[in-house]
Amino acid sequence: MGFSRTELQSYRDASVPDLVGPGVKLLFVGINPGLWTAATQTHFAHPGNRFYPALKLATIIDRDLDRAEGMTDEDRAYLLGRGIGISNLVNRATTRADELSATELRNGPARLEALIRHWQPKVVAVAGVTAFRTAFSRPRARAGRQPDDLAGAQVWVVPNTSGLNAHETIATLAAAYAEPARAAGVLN
């Protein structure tokens, strides 16, 4: 599946449903959906995004997911069955996350807290330290386990998997993602 630039732009400001359900132990939280994600209604869908390859390398998942084509209901059920959910701080699609306002990011934790209270994951892993710092008003936050929980869930900051975060490799992403997965009990 491919999209023209014009087709992708038609998804600007679209939303993507959260991937959550009963039994979610680990909730990954992106910054916001990209246009490809909005077009396919699949989180972290851009073909260059390293999220799913990193999950597989970390053995958080044990199969490839063809997210560029859009996840199937079977793929979504597989992730939920593994105890994995996915959401975003801001549910508005843009070309790049830096198109979001600081106010939009600061409104993200309230949305996230409501989601956590409803589904009660043990761990929340926010992908992107810069967005986390703005959203949570924690200018000195660093990657890893955060000192404060949110609605009873441990909060972790992990690297963003976007290709724009070029200094991270699939291997370093996998190592960073394995830590909250172990804390959540989805990885031994």
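The following legends describe close-up views of one predicted protein model.

**View 1. The whole chain combines seven helices with five strands.** From the N terminus on, the elements follow the order α-β-α-α-α-β-α-β-α-β-β-α. The radius of gyration is 15 Å, close to the 16 Å that the globule rule gives for 188 residues, so the chain is as compact as a globular protein of that length. The C-alpha trace spans about 45 × 35 × 35 Å along its principal axes. Of the 188 residues in the chain, 50% are buried. The exposed surface of the chain amounts to about 8900 Å², and carbon and sulfur atoms supply 51% of it. Among contacts between residues at least 6 apart in sequence, 70% join residues at least 24 apart.

**View 2. Five strands form an open sheet with mixed pairing.** The order of the strands across the sheet is β2-β1-β3-β5-β4. Strands β2 (84–88) and β4 (144–145) stand at the edges, and each has a single partner strand, so one side of each is left without a neighbour in the sheet. Strands of a sheet pair through backbone hydrogen bonds, either parallel or antiparallel. In this sheet, β1 (residues 26–30) and β3 run parallel and are joined by four bridges. Strands β3 and β5 (residues 154–158) also pair in the parallel sense, over five bridges. By contrast, β4 and β5 pair in the antiparallel sense over two bridges. Gly144 stands opposite Val157 in β5.

**View 3. Strand β3 is mostly covered.** The strand comprises residues 123–127, and five of its five residues are buried. In a regular strand the side chains alternate between the two faces of the sheet. In β3, Val123, Ala125 and Ala127 point one way, while Val124 and Val126 point the other way. Residues of β3 also take part in bridges to the strands on either side. Val126 is the bridge partner of Val29. Val124 has Val155 in β5 as its bridge partner.

**View 4. Helix α5 lies across β1, β2 and β3.** The helix comprises residues 102–119 and runs at about 160° to β1. Its 18 residues reach 27 Å from the first C-alpha to the last, close to the 26 Å expected at 1.5 Å a residue. The buried residues in α5 are Leu105, Gly108, Pro109, Leu112, Leu115 and Ile116. These buried residues pack against the strands β1, β2 and β3, and against helix α6 (129–135). Just after α5, Gln120 takes a positive phi of about 55°.

**View 5. Helix α7 packs on the sheet and touches β1, β3 and β5.** The helix comprises residues 170–184, and its direction makes about 170° with that of β5. At 1.5 Å a residue, the 15 residues of α7 should span 21 Å, and the end C-alpha atoms are 21 Å apart, which agrees. Leu173, Ala174, Ala176, Tyr177, Ala178, Pro180, Ala181 and Ala184 are the buried residues of the helix. The partners against which they pack are β1, α3 (51–57), β3 and β5. Just after α7, Gly185 takes a positive phi of about 85°.

**View 6. Glu179 lies in helix α7 and is partly exposed.** The relative accessibility of Glu179 is 44%. This value falls between the 20% below which a residue counts as buried and the 50% above which a residue counts as exposed, so Glu179 belongs to the partly exposed class. Glu179 and Gly83 are 96 residues apart along the chain, and their C-alpha atoms are separated by 15 Å.

**View 7. Thr42 is a buried loop residue.** Thr42 has its place in the loop between α2 (35–40) and α3. The relative accessible area of Thr42 is 1%; buried means under 20%, so Thr42 counts as buried. Leaving aside residues up to four places away in sequence, Thr42 touches Val16, Thr37, Arg67, Gly70, Met71 and Arg76.

Terms used: Residues numbered from 1 in each chain as written. Predicted model: local features only at pLDDT ≥ 70, side-chain atom pairs only at ≥ 80, totals over all residues. Heavy atoms only, no water. Buried < 20%, exposed > 50% of the residue type's maximum accessible area, 1.4 Å probe, protein only. Pairing = 2+ DSSP bridges. Contact = heavy atoms within 4.5 Å. Axes fitted to C-alpha atoms, helices over the stretch in contact; angles between N-to-C directions. Rg over C-alpha atoms; globule rule 2.2 N^0.38 Å. Areas by Shrake-Rupley, 256 points an atom, 1.4 Å probe, with all protein chains shown as cover. Expected span 1.5 Å × (residues − 1).
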